[in-house]
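Me: I would be grateful for a close look at a single part of this model, beginning at its centre of interest and then following the elements that adjoin it. Please keep the account connected rather than giving a list.

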Amino acid sequence: MVGRTVVVVGGGIGGLAAGLALHRAGWRVVVLERAPEFGEVGAGLSLWPNAMRALGALGLAERVRAVGAVETAGGVRGRSGRWLSRLDNAEIARRHGVPLVVVRRADLVRTLAEALPPECLRSDSEVSAVRSDGDAMVVEHRGGVVRAELVVGADGVHSAVRRQWWPNAPAPRYAGYTAWRMITEPVADPPAEGAVIWGRGERFGFTALPGGRFYCFGTATVPAGGVAAGGELAAVRDRFGDWPDPVRALLAAVPEGGVVRHDVHVLPPLAGCARGRVALTGDAAHAMDPALGQGAGQALEDAVVLADCLVSDASVGSALVRYDRVRGPRTRTVVRRSARLGRLAQWSWPPAVVARDLAARLTPAAVTLRAMAPILGWTPPDSTGHVPVSVGR
Ligand SMILES: Cc1cc2nc3c(=O)[nH]c(=O)nc-3n(C[C@H](O)[C@H](O)[C@H](O)COP(=O)(O)OP(=O)(O)OC[C@H]3O[C@@H](n4cnc5c(N)ncnc54)[C@H](O)[C@@H]3O)c2cc1C
């Protein structure tokens, strides 16, 4: 039976969220994940109010809030350690009804996966082809074939579904820098506030997780494809060890083997994120520079809007046209703004860095918050029956 059956290709944050949204909308859901199990890299994730509202529409805001941390404040510091701009999380909560929440990725993936019936989830099922056969879609994977009415490509920036169904789409492009991510062991003397420190062609950020641990990341403008001969932890300590407090102490608390490294890739805009009975969500549709911390948030929004379109419109074809119309402009704006901030934050030419840091110092926090409002103020469509999320500290 293919009617109201959907195959979701990829079981990351975007795929699990799409699967859950469609399951709640009454679809039979099969999520095919190529990895041996559903999981995520050992890193953290910022969930801004728009992401938390999307989780609210999936019925998970309280559960995610319970496994996450809410910092009082944070912001951007210069390479000397001096504050360039501050972000008050209580003010974010006041304006948006929900604060910025930081979670371990693994906890978010587990929470999403546990909200789906186990029979929906198939790991070790790499998808090799997606084709249409009359009214049905046929998805071939390592373990067999599934027929469905709809296919959601949530298989990440290097999406196989996109390559097959958008053959003329430009390939993902190296953003020009690599990123190391890590979670510390509990820290004895934890810093009171998180921060991102902007250097020259380098950044280092840290933010609290529950249990006294910290999620940290570092970035560096280097050629793609590098691997540190002596291990990534040694490379990170070498590169950032003399940065302002508390960077050295945090790096000392990172366990051996606890650093993951990825070259950051972004996707040039696609001509639409739906074709026939195939929809793309998350990084498969709009992999963006991570500077705004919005990639997963947009994937969660995609999931909620996709389900809403399919609830509101009995025809899959026209529901997907609407999905594309709603999500295209929104995600293109977020992609553009992320790219702009990512470029700025990675600047390395000394006079430009001085001008950038001065401009950041002179920009009032209220102006920054106002500029972020169109992104953070997103609300789920009415059909999801969401109640306004308010998960305070
Ligand atoms: C350094 C960095 C920091 C970031 N920080 C934040 C942040 O703070 N906040 C935020 O919101 N976002 C952040 N992001 C972005 C966020 O990580 C991504 O946007 C998000 O994880 C995308 O989820 P996804 O499910 O679309 O893709 P992915 O996480 O890439 O998941 C795709 C899944 O598909 C599977 N797959 C791939 N191919 C196949 C196949 N052929 N068959 C079956 N399965 C397949 C993969 O194994 C994977 O599980 C950051 C990104 C980076 C690089």
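Reply: The part chosen is the surroundings of the ligand in this predicted model, where 35 residues surround the ligand. The closest of them are Gly 10, Gly 12, Gly 156, Gly 282 and Gly 295. By class, the shell is made up of 16 nonpolar, 13 polar and 6 charged residues. Several elements each supply at least two of its residues: the helices α1, α9 (283–286) and α10 (295–312), and the strands β3 (44–47), β12 (173–183) and β16 (259–266). The largest share, 4 residues, comes from α10.

Two of these contributors, β12 and β16, are themselves paired, running antiparallel over 7 bridges. Within that pairing, Met 182 has Val 259 of β16 as its bridge partner. Strand β12 is also joined by 6 bridges to β15 (residues 214–220), again in the antiparallel sense. In this second pairing, Thr 178 stands opposite Ala 220 of β15.

Another contributor, α1, leads to a sheet. Six strands form this open sheet, in the order β7-β2-β1-β11-β18-β17, with mixed pairing. Its edge strands, each pairing on one side only, are β7 (121–122) and β17 (274–275). Inside the sheet, β1 (residues 5–9) and β2 (residues 28–32) pair in the parallel sense over 5 bridges, and Val 6 stands opposite Val 29 in β2. Helix α1 (residues 13–24) packs on this sheet and touches β1, β2 and β11 (150–153). The direction of α1 makes about 170° with that of β2. Helix α1 therefore belongs to two settings, since it packs on the sheet and supplies at least two residues of the ligand shell under the element assignment used here.

Leu 16 offers a view from within α1. Which side of the burial cut-off does Leu 16 fall on, buried or exposed? Leu 16 has 32 other C-beta atoms within 10 Å, and a residue counts as buried if that number is 20 or more; Leu 16 is therefore buried. Setting aside neighbours within four places in sequence, Leu 16 is in contact with Gly 11, Val 31, Val 109, Leu 112, Ala 113 and Leu 116. Val 31 falls within the residue range of β2. The C-alpha atoms of Leu 16 and Leu 116 are separated by 8.2 Å, although the two residues are 100 residues apart along the chain.

Three of the contacts of Leu 16, namely Val 109, Leu 112 and Ala 113, are among the buried residues of helix α5 (residues 105–114). The other buried residues of α5 are Arg 105, Leu 108 and Thr 111. As a group, the buried residues of α5 pack against α1, β3, α3 (61–67), β6 (101–104) and β7. Among these partners, α1 and β3 also contribute to the shell around the ligand, while β7 is an edge strand of the six-stranded sheet.

Ala 17 continues the view from α1. Leaving out residues up to four places away in sequence, Ala 17 touches Leu 58, Leu 112, Ala 299, Leu 300 and Ala 303. Leu 112 thus recurs, as it is also in contact with Leu 16. Ala 299, Leu 300 and Ala 303 fall within the range of α10, the helix with the largest share of the ligand shell.

These contacts can be placed in the wider interior. The largest nonpolar core has 122 residues, and those with the most contacts inside it are Ala 17 and Val 151. The largest share of this core, 10 residues, comes from α10. Val 151 falls within the range given for β11, one of the strands touched by α1.

In summary, α10 supplies the largest share of the ligand shell and also the largest share of the nonpolar core. Helix α1 supplies at least two residues of the shell and packs on the six-stranded sheet.

How values were computed
Residues numbered from 1 in each chain as written. Predicted model: local features only at pLDDT ≥ 70, side-chain atom pairs only at ≥ 80, totals over all residues. Pairing = 2+ DSSP bridges. Contact = placed C-beta atoms within 7 Å. Axes fitted to C-alpha atoms, helices over the stretch in contact; angles between N-to-C directions. Near = placed C-beta within 6 Å. Nonpolar A, V, L, I, M, F, W, Y, C, P; charged D, E, K, R; others polar. Core = buried A, V, L, I, M, F, W, Y, C linked by C-beta atoms within 7 Å. Buried ≥ 20, exposed ≤ 12 C-beta atoms within 10 Å, placed from the backbone.
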